[in-house]
Amino acid sequence: ATPATPATVFNLNLTDAWMLDDVAFQGNAAVIGLQGLVNREGPKLYLTYPPDWAYSYTGMVRESLAASQGLAFSPLSSALEALRLLAPGCAKGFVVWDPAVRESLVVAYTVAGLEDALVVPPHGPLLQAVRELGLPMVANFSLRFQNQTAVDIYQWAYDQYGQRCNASQVVWLGGSCAPTLHGAIADYGVMTRSFFTDLSTQPGGGGVGGVGAG
C-alpha cells in the first residue's frame, strides 16, 4: 500500500520577546491568538518557544508529533507570514490593544475568541496586514483603558462579554507582570472562547479576583 501523505502543519519559531512595547512581542501575541483560531478544526499551526522558555520542550514535542502522528511541519519565517497565510478562512476581524495597558491585551484575547478575531497593536505592520486582508475592526482598546485599575477593566470586560464566554472555565493570563506578558495559554483560551482575566502577583496590584462580583 502507498504510504499516506503526511498532514502539513505550519511551524513558527517564536522570538524571545515579551515586553508589551516590543514589535517582536506584538508579533508573538498575534500568532498565539491566531493559533487558537486556526487550530479549532485541527492541527494547522504549531509554535515553537525559545530554548530558555520556562517549558523548554516545545521543540521536542514538535519532533515527537512529527514521528508519532505523521505530521510534516512547514516553516514560517515571521508572524506577518503566518497572518497572511493562515488568517483567511479563520479570522473574521481584528481587535486593537494598547501596548501601554497590559490588561487591554488580556481583554482583547477574550474578544478574539468570541469574534474570531486577531489581536494587533494600534500601529505598525501587523495592523497594516489585517487591513490588507480586508478584515473589519471589531473592537478598539487602544485608548479605552488608560488610567483605570485592573479590577475596573476586568469588571467592564466581564459585564460586556462574560455571558457569551465558555461557562465551564476562565483563563488566568498571569505569570508575569507589566510591562511583560507571557501568553502561551492564550491560544487555548481563544480556541475555547473563554473569558480572560489576570491574578496579580504584586502587592496592591489591583486585587483582581472580584471579577463578576458586584
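**A walk from Arg-193 to a helix pair**

At 35% relative accessibility, Arg-193 counts as partly exposed (buried means under 20% relative accessible area, exposed over 50%, partly exposed in between, with a 1.4 Å probe and protein chains only). This is a predicted model, where local features need pLDDT of at least 70, side-chain atom pairs count only at pLDDT 80 or more, and totals for chains, interfaces and linings use all residues. Residues are numbered from 1 along each chain as its sequence is written, and side-chain values use heavy atoms, leaving out hydrogens and water.

Arg-193 sits in the loop between α7 and β8 (195–197); helices (H or I, at least four residues) and strands (E, at least two) are DSSP runs numbered from the N terminus. Its phi is positive, about 55°, although it is not a glycine. Asp-116 also has a positive phi, near 55°, and lies in the loop between α4 and β5 (117–120). Asp-116 is buried, at 10% relative accessible area.

Now look at α4 itself. Helix α4 (residues 102–115) packs against helix α6 (residues 150–161) at about 10°, with axes 10 Å apart (axes are lines fitted to C-alpha atoms, for helices over the stretch in contact, and angles run from 0 to 180 degrees between N-to-C directions). So the two are roughly parallel, the word for angles under 35 degrees (over 145 is roughly antiparallel, 65 to 115 roughly perpendicular, and the rest oblique). Among the residues making the contact (heavy atoms within 4.5 Å) are Val-107 of α4 and Trp-156 of α6.

Over in another loop, the peptide bond from Ala-178 to Pro-179 is cis, with omega near 10°.
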